Amino acid sequence: MENMINLLIDKRPVSVPKGTTVLDAAASIGINIPALCHMDLKGTCVKSSPAACRICVVEIEGRRNLAPSCATMVTEGMVVSTNSARVVRARKTVAELILSDHPNDCLTCPKCNHCELQQLVTRFNIREMPYKGEQSERKKEVTAAITRNMDKCILCRRCESMCNNVQTVGVLGAVKRGFETTIAPTFDRMFSETDCTYCGQCVAVCPTGALTERDNTDRLLEDLNNPDKIVIAQPAPAVRVALGEEFGMKPGTIVTGKLAASLRALGFDYVFDTDFGADLTIMEEGAEILHRLKAFLGGDKSVKLPIMTSCCPAWVNFYEHNYPDLLEYPSSAKSPAQMFGAIAKTYWAQKMGIPREKLVVVSVMPCLAKKYECEREEFKVNGNPDVDYSISTRELARLIKRSNIDWNKLPDEDFDKPLGESSGAAAIFGATGGVMEAALRTVYEVYTGKTLPRIEFTEVRGLDGIKEAEIDLNGFKLKVCVAHTLGNARILMDKLRAGDLPYHVVEVMACPGGCIDGGGQPYHHGNVDIIKARAKAIYAEDSGKPIRKSHENPDIQKLYKEFLGEPLSERSHQLLHTHYFDKSIK
Amino acid sequence: MSEFKLSCEAAREVEEICEKFHNDPGELISILHETQSKLGYLPEPVQRIIAGKLGIAPQKVYGVVTFYSFFTMTPKGRIPISVCLGTACYVRGADKLLEEFKRVLNIDVGETTPDGKFSLDCLRCVGACGLAPVATVGDKVYGRLNPSDIKKIVAEYAD
């Protein structure tokens, strides 16, 4: 073939398309060159390859210097050695030099056993630290969502790529130069004083312990052991398709039953499900979609369309910071987790006779922005939050291990009723396009009065950055659009600002692939197959459910009958809807 | 955001500089150069205006400003002091002069006294090596200095 390049890597012939890097060419024949700063989630827009760390160097015949394989393209007849004595020596020295300005306190590091630098040190057989250098003193910070300890930063620039190129948030970047270089938020401020959305994608890609989640596990253990508290759990849809990875299970294993059992074993008094909140979100948001559509079709020119989803807390932060002029477009519906909290602390607490201050609602989320969301003032009643706090999928895994629970011996259990009942529509909230598909299932049936001929809307599934579809509602063509990553959201919002976004409904999720690749999920270490496997599992979870439409969830129907009345009722507005704030930095 | 308040004229001036360079992000360094030569320094609000005009994140501007030692975010004092650390001055004890200036003014190199009067910097050679060690205070050059002279020199500029 014309565009194929032939070369030799470690004496083995390989033929790859023009434009392939030496690193990828080697991987194609099973030669796994170690890399550190490089990350490439193929098929998504997530890529960072600054050739900054030089761990991946190789020897190329005829070249005087060693070449970084992540940034060197193959050429015809190239002869590459990935493991010559010179390469192995250089690679080890590079790692040793990184260690010379690293705290090396691995035993107590939150990233221990998940650190990519630590893995390389093991792999390179480094048994002593030959270089003792000056240690850079950099900033430390604990925000509502993210913990920052830049002493552990190795300047790989992955977080910078995520924050700037993928999310276009533009908060994290390199400042100063030489030994003083550090990755810092704008004007070296605290995250809380910048446009940071707490999406947590910097944490998801950080190879070391520089960026980690804010840990709430100790606080949770105290509450679980406090006899005066009733502690209830609500895990998000994306948690059950990823948690198993932390216990050595294959990516994409559905562990819903073990998840419920583990939460019960940890001592939660009631184990409910955020999926219930997701079904409730569809009821409210779906009603809002229909309400705006009917007004629009009735000739009301003031209706704000497209209506945008508002489940994703990082996306909410993003538009509050960057598009304060467009705050009337997003749905006023709270996120599923917050809806759950509001209902648990009113409807359910009243039913059970539990006073609000005794009840602790804990969400288990694939997300770090959820930690911040819990702390929003508008989600509190007299200072008492609807959701007390949130732990990530990773934190739950750590708690299970710490609490002497043998994961493999956990039985499959069910969630408690009534706030544990959910439909397949709720299950798919965890993948990009899922909220849209769930909303369409309900909106279609309520609008047309007909049963859906085909329940799956496959056109809004998958990893394409921006997806669109047209749905026939009794002759009316409903145009919808789905975006994931905040960079893609920005493309849509800039169009909206210019008056050129011809859709009726838009879904946005901040993380690549949706919540399944959230900042609180088990680390993917650059392997996109893990994210694809989780998405597949999400849709399998949906098709395995007896009820697959939110409005058919019997406990949701009961909640409306007993307590809320109708979607968008006065009580619904009071408990399940919110408003947004101008948070732009002047 | 910042305690520093930018006057409307200064803000307009910064915008004009950006426009002169067609708001081109590739001209960031030239824009920063010209802005600093006009305003004397590059405080946060100025960097935010430039970022806004160029359509880039303020972090990018801040990254460039902190990368190049030429750019400064602290205003110079009304009376800038520079101590020559060129070879001739250095071998005749300029480092001790610098230490004494730091002690007397109670600021570090690159800083300005809280009253905005003095700022302290180093430079390399003012072409008066015969008078080494040399320091400049405002427009005036002082030669053959001893650390014991410093207090007296600073006192000359009392209000």
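# A walk through chains A and B

Start where the chains meet: across the interface of chain A and chain B there are five residue pairs in polar contact, both partners of each pair having pLDDT 80 or more. Keep in mind as you go that this is a predicted model.

**Stop 1: the A–B interface**

Stay on the chain A side for a moment. Which elements give two or more residues to the side touching chain B? Select helix H4 (158-166) and strand S10 (173-175) of chain A: those are the ones. S10(A) gives the most, with three residues. Colour that side of chain A by residue class and you'll get eight nonpolar, four polar and seven charged residues.

Now bring in both partners. Here 19 residues of chain A are in contact with 15 residues of chain B. Together the two chains bury about 1,400 Å², and 59% of that is on carbon and sulfur atoms. Next, pick out Arg177(A), Phe187(A) and Arg189(A), since this trio supplies 44% of the area chain A buries against chain B, more than any other three residues.

Keep Arg189(A) selected and add Glu44(B). These two form a salt bridge, and their closest N and O atoms are 2.5 Å apart. How many salt bridges are there between chain A and chain B? The count is one. Side chains of opposite charge can pair like this when their charged atoms come close.

**Stop 2: two domains in chain A**

Hide chain B and colour chain A by domain. Domain 1 covers 4-123, while domain 2 is made of two pieces, 283-333 and 421-576. Put a marker at each C-alpha centre and you'll find 40 Å between them.

Zoom in on where these domains touch. On each side of the contact there are 11 residues: 11 from domain 1 of chain A and 11 from domain 2 of chain A. About 840 Å² is buried between the two, 72% of it on carbon and sulfur atoms. On the domain 1 side, the residues facing domain 2 are four nonpolar, three polar and four charged. What about salt bridges between domain 1 and domain 2 of chain A: how many are there? Zero. As for polar contacts, one residue pair turns up across this interface, with both residues at pLDDT 80 or more.

**Stop 3: the loops around helix H3 of chain A**

Select Asp101(A) and Arg138(A). They form a salt bridge whose closest N and O atoms are 3.8 Å apart. This one links distant parts of the chain: Asp101(A) is in the loop between helix H2 (85-100) and helix H3 (116-123), Arg138(A) is in the loop between H3 and strand S8 (140-142), and 37 residues separate the two. In the whole structure, over all chains, a search finds 58 salt bridges.

While you're here, click on Asn104(A), also in the loop between H2 and H3 of chain A. Asn104(A) isn't a glycine, yet its phi is positive, at about 55°.

**Stop 4: two open sheets in chain A**

Switch to a cartoon view and look for four strands in the order S14-S13-S16-S19 of chain A, an open sheet with parallel pairing. Why is one side of S14 (270-271) and of S19 (389-392) left without a neighbour in the sheet? Both strands stand at the edges and each has a single partner strand, so one side of each has nothing beside it in the sheet. Now select S13 (230-235) and S16 (359-365) of chain A, a parallel pair with six bridges. Between them, Gln234(A) stands opposite Ser363(A) in S16(A).

For the next sheet, go to S15-S22-S21-S20 of chain A, again listed in order: four strands, open, with mixed pairing. The edge strands here are S15 (307-308) and S20 (466-473). S21 (476-484) and S22 (505-509) of chain A run parallel, joined by five bridges. Look for Ala483(A) opposite Val508(A) in S22(A).

**Stop 5: two cis bonds, and over to chain B**

Select Leu305(A) and Pro306(A): the peptide bond from one to the other is cis, with omega near 0°. Pro306(A) lies in the loop between helix H8 (274-297) and S15 of chain A.

Bring chain B back and try Ala132(B) and Pro133(B), where the peptide bond is cis with omega near -5°. You'll find Pro133(B) in the loop between strands S2 (118-123) and S3 (135-137) of chain B.

Finish by colouring chain B by domain: domain 1 is 8-67 and domain 2 is 79-156. Their C-alpha centres lie 31 Å apart.

Key
Residues numbered from 1 in each chain as written. Chains lettered and ligands numbered in written order. Predicted model: local features only at pLDDT ≥ 70, side-chain atom pairs only at ≥ 80, totals over all residues. Heavy atoms only, no water. Domains from an automatic or database assignment. Contact = heavy atoms within 4.5 Å. Buried area = accessible area lost by both parts, 1.4 Å probe. Salt bridge = Lys/Arg side-chain N within 4 Å of Asp/Glu carboxyl O. Polar contact = N/O pair within 3.5 Å; in protein donor to acceptor, adjacent residues only side chain to side chain. Nonpolar A, V, L, I, M, F, W, Y, C, P; charged D, E, K, R; others polar. Pairing = 2+ DSSP bridges.
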